[in-house]
Amino acid sequence: MIIGGSASQALASQVAMELDDKLCSVETKKFPDGERYLRIKDEIPEDEKVIVVQSTGYPQDENMMELFFILDTLNDMNVTDITVVSPYLGYSRQERRFKEVECISAKATAKLIQTMGVKRLISINLHEQSICDLYDIPVDNLSAMPTIAEHIKNTFDVKPVILAPDKGAINFAKEIAMILDTDYDYLEKVRLSPEIVETKTKNISVKDKNVVIIDDIISTGGTIVNAINILKEQGAVAVDVFCVHPVLVNDAVLKINAAGAHSVQGTNTLKSDVSFVSVAKTIADHLKSL
Ligand code: R5P
């Protein structure tokens, strides 16, 4: 039985279709003061394996709270075999302390999820692999890169060079490039003098090349706009932009388009206007393999 929280209803129904499983209906609404109401509308036998699909992106607190409401209701129904699929796991950006006595929000949310009788957590391209260590239950950190690579293969006429906007994203670029059998690189900051810093591709030239930029998250779009500007200066023909999690704060897509992107695309770990690549099969295949 698959349950889709309101942040991931469409994705949950795609996963249910892939698995040929039943999608359970959930009624949610908001009271006038902003509090949430939740009701699981289908009967669920106690021995049923239940998969709850709910991303916990913006509004993070509401979506997280709704996840807890679903889990607590399942506990009340005596369902014990619960897997949570949170394709975008909110509060994952603070998984350690940068300053003294900061809240490690990824740890706090891990504690709460675990007290709700969850047996396993599945997510996609967690911001840091080390988030898995904050949990005592198994956490599977799946990659959307094979799906994104497949999408590029099926929709691009010319094989592009894959570029990470910084060193931290190089493994994403590498994963896609290996599948497509193409070149990959990342943008590196080089200090030419105490005053002058130049950002350029580390190893290969993008002159006259079609380039795909890949990152895990696009938030404000600043990282990508900077990368596009540099790639254009270096003579790239077309720059297409892909991300796993289209967080897209305010006018991020507009800014990226204005910088000259040929396209901006993301996966449906989060709902957005650019969530063109579905991770449903990635999730369903993994669930089948368990
Ligand atoms: C950073 O660690 C991430 O991989 C992204 O590069 C970052 O979140 C992008 O943020 P923004 O879109 O605000 O530049």
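Biologist: Is Phe-156 buried or exposed in this model?

Modeller: In this predicted model, Phe-156 has a relative accessible area of 19%. Buried means under 20%, so Phe-156 counts as buried.

Biologist: Which aromatic residue forms a pair with Phe-156, and what is the geometry?

Modeller: An aromatic pair is judged by the distance between ring centres and the angle between ring planes. Phe-156 and Phe-242 form a tilted pair, with 6.1 Å centre to centre and 45° between the planes. Phe-156 lies in the loop between α4 (145-155) and β9 (161-164), whereas Phe-242 belongs to strand β13 (residues 238-246). The pair therefore links distant parts of the chain, 86 residues apart. Phe-242 is buried as well, at 1% relative accessibility.

Biologist: How many aromatic pairs are counted?

Modeller: The count is 2 aromatic pairs. Phe-31 and Tyr-37 form an edge-to-face pair, with 6.1 Å centre to centre and 90° between the planes. Phe-31 is partly exposed at 37% relative accessibility, and Tyr-37 is partly exposed at 28%.

Biologist: Which residue lies over the face of Tyr-37?

Modeller: Lys-29 does, at 4.7 Å from the ring centre.

Biologist: How should one read burial along a helix such as α2?

Modeller: Residues three or four places apart in an α-helix point the same way, because there are 3.6 residues a turn. In α2, the buried residues include Asn-63, Glu-66, Leu-67, Ile-70, Leu-71 and Leu-74. Helix α2 (residues 60-76) has 17 residues and reaches 24 Å from its first C-alpha to its last, close to the 24 Å expected.

Biologist: What phi does Asn-78 take, just after α2?

Modeller: Asn-78 takes a positive phi of about 65°.

Notes. Residues are numbered from 1 along each chain as its sequence is written. This is a predicted model: local features need pLDDT of at least 70, side-chain atom pairs count only at pLDDT 80 or more; totals for chains, interfaces and linings use all residues. Side-chain values use heavy atoms; hydrogens and water are left out. Helices (H or I, at least four residues) and strands (E, at least two) are DSSP runs, numbered from the N terminus. The expected span of a helix is 1.5 Å times one less than its number of residues. Buried means under 20% relative accessible area, exposed over 50%, partly exposed in between (1.4 Å probe, protein chains only). Rings of Phe, Tyr and Trp (its six-membered ring) pair if their centres lie within 6.5 Å; planes under 30 degrees apart count as stacked, over 60 as edge-to-face and the rest as tilted. A charge sits over a ring if NZ of Lys or CZ of Arg is within 6 Å of the ring centre and within 35 degrees of the ring normal.
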